[in-house]
Amino acid sequence: MLELFGEAVAAGWGEDEVFAAIVAVADTTQLAMHRDQFLSIETELRRVMTKRNT
């Protein structure tokens with residue numbers, strides 16, 4: 001997580017944006033797990049980062 005955080009900041013994200021994205025992914029993952037759906041945190045973070053860069 002710290003490596004991903006550092007990469008996101010180096011890519012131009014603000015620290016608050018990175019924290020918000022991590023929280024959003026954690027919330028989504030927790031909700032999905034309660035619905036018996038398994039998500040990859042790394043995949044979801046990359047999706048959020050890709051969306052942010054477009």
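**Entry 1: terms and overall fold**

A helix here is a DSSP run of H or I with at least four residues, and helices are numbered from the N terminus. With that settled, I opened the model, which is a predicted one. I looked up the secondary structure and found three helices and zero strands. Reading along the sequence, I noted the pattern α-α-α.

Next I checked the chain as a whole. Of its 54 residues, 22% are buried. I then looked at the contacts between residues at least 6 apart in sequence, and 40% of these join residues at least 24 apart. The exposed surface of the chain comes to about 4,100 Å², with 59% of it supplied by carbon and sulfur atoms.

**Entry 2: helix 1**

I turned to helix 1, which spans residues 2-10. Which of its residues are buried? I found L4, F5 and A8. These residues sit on the same side of helix 1, because the arc they cover around the axis is only 105°. On the face turned away from that buried side I found the exposed residues L2, E3 and A10. After helix 1 comes G12, and I jotted down its positive phi, near 110°.

**Entry 3: the cavity**

I went looking for enclosed space. Rolling a probe the size of a water molecule over the atoms shows where empty space is left. How many cavities of 30 Å³ or more does the structure hold? My search gave one. The largest cavity contains about 60 Å³ of space.

I listed its lining next: L4, A8, W13, V18, A21, I22, L45 and M49. Helix 1, helix 2 (15-34) and helix 3 (41-53) are the elements that give two or more residues to this lining. Which of the helices gives the most? It is helix 2, with three residues. L4 and A8 caught my eye here, as they belong to the lining and are also among the buried residues of helix 1. I sorted the lining by type as well, and the tally was eight nonpolar, no polar and no charged.

**Entry 4: two residues of helix 2**

I picked A26, which has its place in helix 2. Is A26 buried or partly exposed? Its relative accessible area is 42%, so A26 counts as partly exposed; the range for that class runs between 20% and 50%. I also checked A26 against E44: the two are 18 residues apart in sequence, and their C-alpha atoms are 9.5 Å apart in space.

T28 was my other choice, and its place is in helix 2 too. T28 has a relative accessibility of 32%, and therefore I wrote it down as partly exposed. For a partner I took I41, which is 13 residues from T28 along the chain. What separates the C-alpha atoms of T28 and I41 in space? I read off 9.2 Å.

**Entry 5: recap**

My page now holds a predicted model with three helices and a largest cavity lined by eight nonpolar residues.

How values were computed: Residues are numbered from 1 along each chain as its sequence is written. This is a predicted model: local features need pLDDT of at least 70, side-chain atom pairs count only at pLDDT 80 or more; totals for chains, interfaces and linings use all residues. Side-chain values use heavy atoms; hydrogens and water are left out. Buried means under 20% relative accessible area, exposed over 50%, partly exposed in between (1.4 Å probe, protein chains only). The arc is that of the directions from the helix axis to the C-beta atoms. Contact means heavy atoms within 4.5 Å. Accessible areas come from the Shrake-Rupley method with a 1.4 Å probe; for residues, only the protein chains shown count as cover. On a 1 Å grid over the protein atoms alone, a cavity is a set of points where a 1.4 Å probe fits but cannot get out, and a pocket is an open set with protein on both sides within 12 Å along at least five of seven lines; lining residues have an atom within 4 Å of a point. Grid points are joined across faces, edges and corners, and a volume is the space filled by probe spheres set on the points. Ala, Val, Leu, Ile, Met, Phe, Trp, Tyr, Cys and Pro count as nonpolar, Asp, Glu, Lys and Arg as charged, and the others, Gly among them, as polar.
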